[in-house]
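Student: I would like to go through the reasoning behind the labels on this model, taking one pairing at a time. Could we begin with a single bridge and work outwards?

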Amino acid sequence: MTITALPTGLYAEVLSFYGHQMQKLDGRDFAGYAATFTEDGEFKHSPSLPAAHTRAGILAVLEDFHQKFDAHKIQRRHWFNHVAVTEAPDGSLTATSYCLVLTVHADVKQPEFGPSCVVHDVLVRGEDGELLLRSRHVTHDHVFPV
């Protein structure tokens with residue numbers, strides 16, 4: 001297996017991007033999360049739902065998906081780890097990460113674990129040089145191909 005080293009600063013930038021992005025999601029700042037995608041970005045996060053397209057579409061899907069949590073006092077946390085980043089010849093980045101979602105219920109010390117997922121991203125530079133997601137496809141470990 002050949003592993004191509006990335007500049008340390010670039011890898012750190014990707015990790016920082018993910019840290020800020022997941023804090024937006026876990027803080028229910030869905031508009032802020034959607035703004036981390038390109039205008040024509042694609043987001044597929046659930047095996048039972050079609051991919052969302054555009055920032056407005058991503059925002060709508062997130063608001064709809066999270067309504068099921070509104071009646072409960074919970075905090076969800078998305079933990080990214082084992083982030084493997086590769087730079088493509090066109091300057092885009094592909095990143096594959098493991099993600100574990102933790103859910104903490106009010107007054108319950110022990111968190112609930114799951115789903116366990118693999119996140120497949122394509123990141124590009126925006127007009128101001130910032131990282132943005134062109135696409136994110138999330139596969140769930142409990143869903144096996146037929």
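Student: Which residue in E5 is the bridge partner of Leu-100?

Tutor: In this predicted model, the bridge partner of Leu-100 in E5 is Ser-116.

Student: What makes E4 and E5 a pair of strands?

Tutor: Two strands pair if at least two bridges are found between them, and strand E4 (residues 93-105) and strand E5 (residues 112-125) have 10 bridges in the antiparallel sense, so they satisfy the definition.

Student: How do you know that E3 and E4 pair, and which residue stands opposite Thr-96?

Tutor: The requirement is at least two bridges, and E3 and E4 have 12 bridges in the antiparallel sense, so the pairing holds; Ala-84 stands opposite Thr-96 in E4. E3 and E4 form a hairpin with five residues between them, and Gly-91 in the turn has a positive phi of about 95 degrees.

Student: In what order do the six strands of the open sheet lie, and why is one side of E2 and of E3 left without a neighbour?

Tutor: The order is E2-E1-E6-E5-E4-E3, with mixed pairing. Strand E2 (52-53) and strand E3 (74-87) stand at the edges and each has a single partner strand, so one side of each lacks a neighbour in the sheet.

Student: What makes helix H3 count as touching E1, E2, E3 and E6?

Tutor: Contact means heavy atoms within 4.5 Å, and helix H3 (residues 54-66), which packs on the sheet, touches those strands; the direction of H3 makes about 40 degrees with that of E1.

Definitions and conventions
Residues numbered from 1 in each chain as written. Predicted model: local features only at pLDDT ≥ 70, side-chain atom pairs only at ≥ 80, totals over all residues. Heavy atoms only, no water. Helix = DSSP H or I, 4+ residues; strand = E, 2+ residues; numbered from the N terminus. Axes fitted to C-alpha atoms, helices over the stretch in contact; angles between N-to-C directions.
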